[in-house]
Amino acid sequence: MTFRHSLSTARWLAALAAGAGLCVCASAWALNVDQLAEPDRRTLEAILQDLEPVIKPKQQDGSAVLLSWDKLYAPLNQDQRAFLDAFRKLRGASLGATSHYFGEAGDSADLVPVGSETVLKDGVVTPLDPQYLPRPVFEASSRMMEAMTEELGRRLLVESGYRAPAYQLYLFLFYLPKHGYSIKETNRFVALPGHSEHGYPPGQAIDFINEAGINGEDHPEVFEALPEYEWLQAHAREFGFVLSYPRNNPQGTAFEPWHWHYEPPGQ
Ligand SMILES: [Zn+2]
């Protein structure tokens, strides 16, 4: 009787999971985090091939950052889905990284488009990729930039806002072959899903860029020297924004003067 009961429960769970686009797998996929085994590399290559027609158009129209788990899993078979599930179970801390696990809270966030923005770099007007932010973060950031413009006559733009954990996983998989199929090595450059402040709406991160296209990516000290950065240091806290990775931060992450996360007062 107990067996019958557990069997039907398992079936019910499997049906539920299938409806939600998830996979209930008989056994967890064992990943070699130092270097993927040959069969796993083939699985990965097949997944990247199957996903390309889904992801490419979304990258082109700027909607890839909103990718849902359902859309990511849809073109894949059971085995491929189990492979993805194994990556979602990985934690940076167990890979020798200091990255924090925030979770996959993104799917239910009320995301709003930032609107079209352009930078004027070396006399050329360049549009930024479309970005999205959780509504309270967008509103706080807009208020902050109004104040900055009023006091400084300059403002910052959103170069990177929300990035769905499903798209974060795709990016991780995409860069894996370029880092010798090593999960540990890839993790030094690309966050695992659930490990990025860009995919965590309650503490949403924004990467700022100034109107002249300076984002500090190659030379953080150039961004650090901007009056806009000095203004942020003096006033961002009033609007609920905190610098995530100052110099010599305890997480051991590189100094990122452009990366600020939302942390409203009292939180
Ligand atoms: Zn960032």
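I began by fixing a term: two residues are in contact if their C-beta atoms, placed from the backbone, lie within 7 Å. I noted that this is a predicted model, in which local features need pLDDT of at least 70 and side-chain atom pairs count only at pLDDT 80 or more, while totals for chains, interfaces and linings use all residues. Residues are numbered from 1 along each chain as its sequence is written.

**Helix H4.** I looked up the helices, which are DSSP runs of H or I with at least four residues, numbered from the N terminus, and turned to H4, residues 78–89. Its twelve residues should span 16 Å at 1.5 Å a residue (the expected span is 1.5 Å times one less than the number of residues), and the end C-alpha atoms are 17 Å apart, which agrees.

I then asked which residues of H4 are buried, meaning that 20 or more other C-beta atoms lie within 10 Å of their own (exposed is 12 or fewer, partly exposed in between), and found Arg81, Phe83 and Leu84. They cover an arc of only 155° around the axis (taken from the directions from the helix axis to the C-beta atoms), so they are on the same side of H4. The exposed residues Gln78 and Lys89 are on the face turned away from that buried side.

**What covers H4.** I found that helix H2 (38–61), helix H3 (69–73) and helix H6 (165–175) are among the elements covering the buried residues of H4.

**H2 and H6.** I checked which residues meet here: Leu44, Ile47, Leu48, Leu51 and Ile55 in H2 meet Tyr170, Leu173 and Phe174 in H6.

Note on methods
Helix = DSSP H or I, 4+ residues; strand = E, 2+ residues; numbered from the N terminus.
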